[in-house]
Amino acid sequence: MVKIHKSIFEMFIQLKNSSKSYKKYSVITKTKQNIKLLKCLYVEGYILGYFFSKTNSTKINVILKYQNNEPLIKTIRFISKPNNIKYCSIKLLVQQKNINSLIILNTSKGYMSSSEAKLNHVGGMIICQIY
């Protein structure tokens, strides 16, 4: 059984709250899962970048992205929760046409967006949907 780490929820909530407060940076805990998810957000264009803190080795500074003075990360809907894990097959991903949001999956090839999962022909556990 796949386990969802608490740090993933904390990271997404921190990013959403910092975006809604119009902060330039957000500071999150440095974990392997968070780094992989930040790479996914960066590739999809939801953040400008991230760098490791020089003063605190357990933190990551994330540079938030805004478009027309509006945050790109407005709402995060957690699909899978620790007690209720949802999976999505490649067939369902191909049928999904919602281009206004980003769906993050945990696949056998690591964390990736739904568009990247379609290209790699893999399904997986749905982590969250970002509007």
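Biologist: What relative accessible area does F51 have?
Modeller: This is a predicted model, in which local features need pLDDT of at least 70 and side-chain atom pairs count only at pLDDT 80 or more, whereas totals for chains, interfaces and linings use all residues. Residues are numbered from 1 along each chain as its sequence is written, and side-chain values use heavy atoms, with hydrogens and water left out. With buried meaning under 20% relative accessible area, exposed over 50% and partly exposed in between (1.4 Å probe, protein chains only), F51 is partly exposed, at 36%.

Biologist: How many aromatic pairs does the whole structure hold?
Modeller: Rings of Phe, Tyr and Trp (its six-membered ring) pair if their centres lie within 6.5 Å, and planes under 30 degrees apart count as stacked, over 60 as edge-to-face and the rest as tilted. A search of the whole structure on that basis gives a total of five.

Biologist: How are the rings of F12 and F78 arranged?
Modeller: F12 belongs to helix α1 and F78 to strand β6 (residues 76–78), so their pairing ties together parts 66 residues apart in sequence; helices (H or I, at least four residues) and strands (E, at least two) are DSSP runs, numbered from the N terminus. Both F12 and F78 are buried. Their ring centres are 6.3 Å apart and their planes stand at 65°, so the arrangement is edge-to-face.

Biologist: Which strands does the pair of Y25 and F51 link?
Modeller: The ring centres of Y25 and F51 are 6.0 Å apart with planes at 85°, so this pair is edge-to-face. The two residues are 26 apart along the chain, and they link strand β1 with strand β2.

Biologist: In what order do the three strands of the open sheet lie, and what is the average twist?
Modeller: Two strands are taken to pair if DSSP finds at least two bridges between them, and the open sheet, with antiparallel pairing, has the order β1-β3-β2. Strands β1 (25–29) and β2 (47–52) each have a single partner strand, so they stand at the edges with one side lacking a neighbour in the sheet. From one strand to the next the twist averages 25°.

Biologist: Which strands of the sheet does helix α1 touch?
Modeller: Strand β3 (residues 59–64) pairs with β2 in the antiparallel sense over five bridges. Axes are lines fitted to C-alpha atoms, for helices over the stretch in contact, and angles run from 0 to 180 degrees between N-to-C directions; helix α1 (residues 6–20) makes about 165° with the direction of β1. Where contact means heavy atoms within 4.5 Å, the strands that α1 touches are β1 and β3.

Biologist: Which residue forms a salt bridge with E10?
Modeller: A salt bridge requires a side-chain nitrogen of Lys or Arg within 4 Å of a carboxyl oxygen of Asp or Glu, and the count by this rule is one. E10 is partly exposed at 41% relative accessibility, and its partner lies four residues away in helix α1, about one helical turn. With the closest N and O atoms 3.7 Å apart, that partner is K6.

Biologist: How far from C128 is the nearest cysteine sulfur?
Modeller: Zero disulfides are found in the whole structure, a disulfide being a pair of cysteine sulfur atoms within 2.5 Å. C128 is in no disulfide, and the nearest cysteine sulfur, which belongs to C40, is at 8.9 Å.
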